[in-house]
Amino acid sequence: MRDIIFATGNENKMREIREIFEDLPVRLYSLKEAGLVSDPEENGKTFAENAFIKAEAVHALRPDAIVMSDDSGLCVDYLNGEPGVYSARWLGRDTSYAEKNAELIRRLEGVEGEARSARFTAAIACILPDGTRLLSEAHMEGQIAKAPAGQNGFGYDPILYLPEYGKCSAELSDHEKNAISHRGKALRQMQEKLRDLLAAEAR
Ligand code: IMP
């Protein structure tokens, strides 16, 4: 059994990750479970760069383990990709998501239909003990809604309208969201990559 340390302190993420990785022959630890503290400055220009900054920092502490981390956010095409890698910090970390969401809707006033296109992106970075780096990235495509809707999820979920489903991301159950979300898809891609690698190692 190999150890995987996922560089997050977020319990909701850990639950989702455990569910997706449950049939891999690995032991999965959060940072806290691994007894580690790591909070490097996320100064990358892309989600992938930031995911690797977090993974590298933990790899330096535990080079014997498989280390994984994620970075994600919302990109709005009409706003040239904002808030992007600044999604959590946009308008300040202490600004509520009700305010951030209202401001995004305000900035798109008068913008109609497909010009409101936006997506969540998730990048998952993985570093193996030998230094091999793996990356998976996935999206959840939608449009900025004209009004927030739904109580589930977090962050920008109430304003990402998903035309295929006729509802906002915050109107999906956890289970429905995990099946189609940027993070769910990127995690499943990473699970496949690791499964192939561990199988090759075992041969
Ligand atoms: P992080 O990857 O945990 O740093 O999250 C970055 C930020 O992107 C979050 O704080 C949210 O603002 C936003 N974000 C990422 N994924 C989602 C999602 O699934 N729903 C809503 N907001 C999200």
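## Fold and ligand site of a predicted model

The protein chain has 5 helices and 7 strands. The model is predicted, not experimental in origin. Read from the N terminus, the elements follow the order β-α-β-α-β-α-β-β-β-β-α-α.

**Overall dimensions.** The C-alpha trace of the protein chain spans about 55 × 30 × 25 Å along its principal axes. The radius of gyration of the protein chain is 18 Å. A compact globule with 203 residues would have a value near 17 Å, so the two agree.

**Where the ligand sits.** The ligand occupies the largest pocket. Around the ligand there are 15 residues. The closest are Lys 13, Ser 72, Tyr 97, Lys 177 and Arg 183. By class, this shell holds 5 nonpolar, 5 polar and 5 charged residues.

Which elements each supply at least two residues of the shell around the ligand? They are strand 3 (66–76) and helix 5 (182–202). Strand 3 gives the most, with 3 residues. Ser 72 and Arg 183 are both on the list of closest residues. Ser 72 falls within the 66–76 range of strand 3, and Arg 183 within the 182–202 range of helix 5.

**Polar contacts to the ligand.** Three side chains place a polar atom at the distances below from a ligand atom.

| Side chain | Ligand atom | Distance |
|---|---|---|
| Ser 72 | oxygen | 2.7 Å |
| Asp 157 | nitrogen | 3.0 Å |
| Lys 177 | oxygen | 2.7 Å |

Ser 72 and Lys 177 thus appear in the table with a ligand oxygen. Asp 157 is paired with a ligand nitrogen. Taken alone, the ligand exposes 480 Å². The protein buries 88% of that area.

**The loop after strand 3.** What lies between strand 3 and helix 3 (97–107)? A loop does, and Pro 83 is found in it. The peptide bond from Glu 82 to Pro 83 is cis, with omega near -10°. Asn 80 is in this loop too. Asn 80 is not a glycine, yet has a positive phi of about 55°. Both backbone features are worth a look in the viewer. Tyr 97, one of the closest residues to the ligand, carries the number at which helix 3 begins.

**In brief.** The ligand sits in the largest pocket, and the protein buries 88% of the area the ligand exposes when taken alone. Strand 3 contributes 3 residues to the shell.

Note on methods
Residues numbered from 1 in each chain as written. Predicted model: local features only at pLDDT ≥ 70, side-chain atom pairs only at ≥ 80, totals over all residues. Heavy atoms only, no water. Near = heavy atom within 4 Å. Polar contact = N/O pair within 3.5 Å; in protein donor to acceptor, adjacent residues only side chain to side chain. Areas by Shrake-Rupley, 256 points an atom, 1.4 Å probe, with all protein chains shown as cover. 1 Å grid on protein atoms, 1.4 Å probe; cavity = no way out; pocket = protein on both sides within 12 Å on 5 of 7 lines; lining within 4 Å. Sits in = over half its atoms within 2 Å of the grid points. Helix = DSSP H or I, 4+ residues; strand = E, 2+ residues; numbered from the N terminus. Nonpolar A, V, L, I, M, F, W, Y, C, P; charged D, E, K, R; others polar. Rg over C-alpha atoms; globule rule 2.2 N^0.38 Å.
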